[in-house]
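Reader: I'm new to this one. Can you walk me through it?

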Amino acid sequence: MFCVKCAQPSLVKQGEKAYRCNLCDFVYFHNVAAAVCGVIVCQGQMLLVERAQQPCKGKLDFPGGFVDYNESNEQALKRELFEELQLTINVMQYLFSFPNQYLYKDVLYSTLDNFFEITLHTKPALTLQQEEVSRYLWLDLESVETKELAFASGQAALAEYLIKTGQ
Ligand SMILES: [Zn+2]
């Protein structure tokens with residue numbers, strides 16, 4: 001691999017997540033990235049989106065995304081829900097987190113996906129960010145199948161949530 005500092009093909013893997021340059025001593029840490037996911041429920045139904053991009057294009061997913069620099073989980077989820085769905089939320093409840101692997105343009109990223117429950121009393125009007133999500137679905141909680149979900153973390157989260165809510 002090429003070093004991002006000296007541009008030589010001198011980057012050597014060192015341990016689980018560190019890469020060190022043999023020439024200039026630069027060290028790159030391929031750290032875990034934080035992500036947030038909204039478990040949005042309303043009147044016994046769950047809001048899921050269909051992914052418009054790889055990885056897992058066409059599969060269902062919880063709305064959400066990666067946490068930006070200097071952002072909290074809560075700020076990131078509010079921002080992502082507004083960007084993806086034009087949905088404004090104020091109250092969320094932390095549920096649990098699950099690790100995930102996210103393959104993007106041939107690079108494998110390890111993430112920690114943080115799930116928050118958002119309970120709505122009425123179905124909101126939503127406007128999709130078409131580059132990210134191709135449609136949204138309200139599915140009855142008892143009919144959502146874990147295998148329809150895009151990622152291991154999402155599948156684990158759905159299973160855990162259904163147990164937690166007694167479905
Ligand atoms: Zn270097």
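**Sheet, helix and domains**

Author: Sure. One open sheet has three strands in the order β1-β2-β3, and the pairing is antiparallel. Keep in mind that this is a predicted model.

Reader: Which are the edge strands?

Author: They are β1, residues 11–14, and β3, residues 27–29. Each of them pairs on one side only.

Reader: And what does the twist average from one strand to the next?

Author: The average is 25°.

Reader: How many bridges join β2 and β3?

Author: Three bridges. Strand β2 covers residues 18–21, and its pairing with β3 is antiparallel.

Reader: Which residue in β3 is the bridge partner of R20?

Author: That is V27.

Reader: New topic. Where is E83 found?

Author: E83 sits in helix α1, which spans residues 73–85.

Reader: Why does E83 count as partly exposed?

Author: Because E83 has 13 C-beta neighbours inside 10 Å. A residue is exposed at 12 or fewer and buried at 20 or more, so E83 falls in between.

Reader: What separates the C-alpha atoms of E83 and A7?

Author: A distance of 36 Å. Along the chain, E83 and A7 are 76 residues apart.

Reader: Now the domains. What does the domain assignment give?

Author: It gives domain 1 as residues 1–30 and domain 2 as residues 33–164.

Reader: How far apart do the C-alpha centres of domain 1 and domain 2 lie?

Author: Those two centres are 33 Å apart.

Terms used:
Residues are numbered from 1 along each chain as its sequence is written. This is a predicted model: local features need pLDDT of at least 70, side-chain atom pairs count only at pLDDT 80 or more; totals for chains, interfaces and linings use all residues. Two strands pair if DSSP finds at least two bridges between them. Helices (H or I, at least four residues) and strands (E, at least two) are DSSP runs, numbered from the N terminus. Axes are lines fitted to C-alpha atoms, for helices over the stretch in contact, and angles run from 0 to 180 degrees between N-to-C directions. Domain bounds come from an automatic or database domain assignment.
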